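Colleague: I am new to this structure and would like to go through the terms used for it, one by one. Could you show it to me and begin with the strands?

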Amino acid sequence: MIYCESVSNPLLEIADLEALSKLAKKHNTPLVVDNTFSPLSIAPAKLGADIIIHSLTKFINGTSDCVAGVVCGTKDFCLALKDVNNGAGMLMGSTLDSLRAASILKNMRTLHIRMKKHSENAMYLGQKFEKDGLRVVYPGLKSHSGHEVIKRQMNLEYGFGGLLTLDVGSLENANALMEMMQDKKLGYLAVSLGFYKTLFSAPGTSTSSEIPLEEQEAMGLGDGLIRFSIGLDNDIHRTYEMMKSCMTHLDILKDVPAQV
Ligand SMILES: Cc1ncc(COP(=O)(O)O)c(C=O)c1O
């Protein structure tokens, strides 16, 4: 199979799903896409993916109170996963509790509104931080290497997603900034995403720490990289001002007067 993430974790690279689908079909192999970072904004099935997987733990549930996942494919494929004798779903015990499934389904009813707000807020912060001279990666910015590809394959109304990264130069800076932002109640230091509050983590020492250091360097994953899952803040300008204050206070952003 060809296996990819539509928006990759943590570097937010964009997979060209149409091109991958053509390649997969040419070689008669299935294209499997993890669409956890971009529900609604990217619809991999429409771009030729055969199997789509989502962590429900993140945006789709949206309340950071469960661990769950979903596999979407043809009816035959999904029934085969549940085959009592040899289905992978049966053998690995991945049957979701029915009450929890119903609870996730209820939360999913607001996904469209939440995705729009996550995207709007992330775009606002991405543009502001880029203007301030920070190293920002956000697929909605023209400077992003996958900007044209995502524009071609996304549902524009849901925006470019809620994830962005900032490189603040060193792990010390990253840790100090995250702790300060948490103290100021701007969000939580946590490895999940898709919550109503902003969540931040340093992937090099958390979710991607299993990748050897040399490989992290080669792929552009510096230890000062912070991954943000931007929340549903009503006043994102206020959030921006507070984040900027933290960065100025810690000398990450120079030439801007500190207010903390
Ligand atoms: C892109 C992606 N897919 C899948 C998962 C797995 O999710 P879960 O926490 O629901 O096992 C994660 C978790 O971080 C993820 O980032």
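Modeller: Two strands are said to pair if DSSP finds at least two bridges between them, and the strands themselves are DSSP runs of E, at least two residues long, while helices are runs of H or I of at least four residues, numbered from the N terminus. Strand β3 (residues 51-55) is joined to β4 by 4 bridges, and the two run antiparallel. Within that pair, I53 stands opposite V71 in β4. Please keep in mind that this is a predicted model, in which local features need pLDDT of at least 70, side-chain atom pairs count only at pLDDT 80 or more, and totals for chains, interfaces and linings use all residues. Residues are numbered from 1 along each chain as its sequence is written.

Colleague: What makes β1 and β4 edge strands?

Modeller: They belong to an open sheet of 4 strands with the order β1-β2-β3-β4 and mixed pairing, and β1 and β4 (69-72) each pair on one side only.

Colleague: Which strands are at the edges of the sheet with the order β5-β6-β9-β8-β7?

Modeller: That open sheet has 5 strands and mixed pairing, and its edge strands are β5 (135-137) and β7, each of which pairs on one side only. β5 pairs with strand β6 (residues 163-167) in the antiparallel sense over 3 bridges, with V137 opposite T165 in β6. At the other edge, strand β7 (residues 187-189) pairs with β8 in the parallel sense over 3 bridges, and the bridge partner of G187 in β8 is T198. β8 also pairs with strand β9 (residues 225-229), in the antiparallel sense and over 3 bridges.

Colleague: How do you know that both faces of strand β8 are covered?

Modeller: In strand β8 (residues 198-201), T198 and F200 on one side and L199 and S201 on the other are all buried, a word used if 20 or more other C-beta atoms, placed from the backbone, lie within 10 Å of a residue's own, whereas 12 or fewer make it exposed and counts in between make it partly exposed. In a regular strand the side chains alternate between the two faces of the sheet.

Colleague: Why is K185 called exposed?

Modeller: K185 has 9 C-beta neighbours inside 10 Å, and therefore counts as exposed. K185 is found in the loop between α7 (171-183) and β7, and its phi is near 60 degrees, a positive value in a residue other than glycine.

Colleague: And why is D251 called exposed?

Modeller: D251 has 11 other C-beta atoms within 10 Å, so D251 is exposed. D251 lies in the segment after α9 (236-249) and has a positive phi of about 65 degrees although it is not a glycine. Most residues other than glycine have a negative phi, and most peptide bonds are trans.

Colleague: What makes the peptide bond from N9 to P10 cis?

Modeller: Its omega is near 0 degrees, and P10 is placed in the loop between β1 (2-5) and α1 (17-26).

Colleague: Which residues surround the ligand?

Modeller: The ligand is surrounded by E5, N9, D34, T36, F37, S55, T57, V67 and G69, where a residue is near a molecule if its C-beta atom, placed from the backbone, lies within 6 Å of it.
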